[in-house]
Amino acid sequence: MVASVRTRMRQGGRLVIPAQYRRELHLNLNQEVLLSLEDGVLHVVPLNLAVARAQALVKKYNPEHRSLSDELIALRREENEDI
């Protein structure tokens, strides 16, 4: 882990993420990040990592690798047929 770094808030609420941190997070120019605020602490997570973590969490509860989206679509179609 990289040590803490002191920086300043810039015009328009901009913060510069130091190169060391960008390398550690594998961040590239124009890459999307997810910001979250928890107990006064700002967390910055690359969006692709956040998605991978969410997929891993869902995978734990779906060990048969069923397509949950396909099941939901089929269920909605059945509901619409009943109307």
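Analyst: Start with one rule. Two strands count as paired if DSSP finds at least two bridges between them. Keep in mind that this model is predicted.

User: What makes strand 1 and strand 2 a pair?

Analyst: Count the bridges. Strand 1 covers residues 33-38 and strand 2 covers residues 41-46, and 6 bridges join them. The rule asks for at least two, so the strands pair. They run antiparallel.

User: Which residue of strand 2 stands opposite Ser36?

Analyst: His43 does.

User: What lies between the two strands of the hairpin?

Analyst: A turn, with 2 residues between strand 1 and strand 2. Asp39 sits in that turn and has a positive phi of about 50°.

User: Where do the strands come in the chain's pattern?

Analyst: Read along the sequence, the pattern is α-β-β-α-α. That comes to 3 helices and 2 strands.

User: Why is Met9 called exposed?

Analyst: Compare its value with the cut-off. Met9 has 55% relative accessibility. Exposed means over 50%, so Met9 qualifies. Met9 lies in the segment before helix 1 (19-25).

User: Which residues join Met9 in the nonpolar patch on the surface?

Analyst: Leu15, Val33, Leu35, Leu37 and Leu42 do. Together with Met9 they have about 610 Å² of accessible area. Strand 1 gives the most to this patch, with 3 residues.

User: How do you know that Glu64 and Arg66 form a salt bridge?

Analyst: Their closest N and O atoms are 3.7 Å apart. The limit is 4 Å, so the pair counts. Side chains of opposite charge can pair when their charged atoms come close.

User: What makes Glu64, Arg66 and Glu71 a network?

Analyst: Salt bridges link them. Arg66 meets Glu64, and Arg66 also meets Glu71, at 2.6 Å from N to O. That distance is within 4 Å, so the link to Glu71 counts as well.

User: Why is Glu64 called exposed, and why is Arg66 called partly exposed?

Analyst: Glu64 has a relative accessible area of 59%, which is over 50%, so Glu64 is exposed. Arg66 has 41%, which falls between the 20% and 50% cut-offs, so Arg66 is partly exposed. Glu71 has 38%, so Glu71 is partly exposed too.

User: How many salt bridges does the count come to?

Analyst: The count comes to 3. One of them joins Arg76 and Glu79, with the closest N and O atoms 3.3 Å apart. This distance is within 4 Å, so the rule is met.

User: Where do Arg76 and Glu79 lie?

Analyst: Both are in helix 3, residues 68-81. They are 3 residues apart, about one turn of the helix. Arg76 has a relative accessible area of 41% and Glu79 has 38%. Each value falls between 20% and 50%, so both residues are partly exposed.

User: How do you know that the radius of gyration of the protein chain departs from that of a compact globule?

Analyst: A compact globule of 83 residues would have a radius of gyration near 12 Å, but this chain has 20 Å. Its C-alpha trace spans about 60 × 30 × 30 Å along the principal axes.

User: What share of the residues is buried?

Analyst: Buried residues make up 7% of the 83. To count as buried, a residue needs under 20% relative accessible area. The chain's accessible surface comes to about 7,900 Å², and 54% of that belongs to carbon and sulfur atoms.

User: What share of contacts joins residues at least 24 apart?

Analyst: It is 0%, among contacts between residues at least 6 apart in sequence.

Note on methods:
Residues numbered from 1 in each chain as written. Predicted model: local features only at pLDDT ≥ 70, side-chain atom pairs only at ≥ 80, totals over all residues. Heavy atoms only, no water. Helix = DSSP H or I, 4+ residues; strand = E, 2+ residues; numbered from the N terminus. Patch = residues over 30% accessible without salt bridge, like charges linked within 9 Å, V, L, I, M, F, W, Y side chains within 5 Å. Areas by Shrake-Rupley, 256 points an atom, 1.4 Å probe, with all protein chains shown as cover. Salt bridge = Lys/Arg side-chain N within 4 Å of Asp/Glu carboxyl O. Buried < 20%, exposed > 50% of the residue type's maximum accessible area, 1.4 Å probe, protein only. Rg over C-alpha atoms; globule rule 2.2 N^0.38 Å. Contact = heavy atoms within 4.5 Å.
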